[in-house]
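Welcome! Here is a short briefing to help you find your way around a structure that is new to you.

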Amino acid sequence: MIWTRPFVIVLIQVAKVKGKLSPASHLGVACKTREEVDCLCNEAQLEALLLEGPNDWGHPVRYWAFIRDPDGHTLEFPMVRRLVLQSRKLAKKRNTILD
């Protein structure tokens with residue numbers, strides 16, 4: 001799978017959060033290695049923010065974890081090296097920057 005359409009995520013700081021992204025609807029932030037996922041999990045565990053993981057579910061899901069942000073939203077940190085590499089190749093083809 002590679003991203004074929006550009007997208008935007010808009011994050012705005014507000015005084016009060018009215019809704020939360022729960023595990024069923026969440027943001028994902030790709031990690032390049034298992035070690036990066038492990039490091040984030042260790043830091044999240046120290047702050048009591050680790051919700052689940054790290055888990056290794058094999059193909060296609062692979063290695064991932066859920067971490068809660070300070071507002072209670074769920075963030076997924078999957079190890080998706082192949083997806084990251086494919087996205088960079090596509091971005092170079094289209095003359096866009098992905099870093």
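Glu76 is buried (under 20% relative accessible area with a 1.4 Å probe, protein chains only) yet has no salt bridge. A salt bridge here is a side-chain nitrogen of Lys or Arg within 4 Å of a carboxyl oxygen of Asp or Glu. The nearest side chain of opposite charge, Arg62, is 12 Å away; Lys and Arg count as positive and Asp and Glu as negative, while His and the chain ends are not counted.

This is a predicted model: local features need pLDDT of at least 70, side-chain atom pairs count only at pLDDT 80 or more, and totals for chains, interfaces and linings use all residues. Residues are numbered from 1 along each chain as its sequence is written, and side-chain values use heavy atoms, leaving out hydrogens and water.

**Around Glu76**
- Glu76 sits in strand S4, residues 74-76; strands are DSSP runs (E, at least two residues) and helices likewise (H or I, at least four), numbered from the N terminus.
- Leaving aside residues up to four places away in sequence, Glu76 touches (heavy atoms within 4.5 Å) His26, Leu27, Gly28, Val29, Trp64, Ala65 and Phe66.

**The sheet**
- Four strands form an open sheet in the order S1-S4-S3-S2, with mixed pairing; two strands pair if DSSP finds at least two bridges between them.
- At the edges are S1 (27-28) and S2 (50-56), each pairing on one side only.
- S2 and S3 (residues 63-68) run antiparallel, joined by four bridges; Leu50 has Ile67 in S3 as its bridge partner.

**The whole chain**
- The protein chain has two helices and four strands, following the pattern β-α-β-β-β-α along the sequence.
- Of its 99 residues, 25% count as buried.

Methods
Buried means under 20% relative accessible area, exposed over 50%, partly exposed in between (1.4 Å probe, protein chains only).
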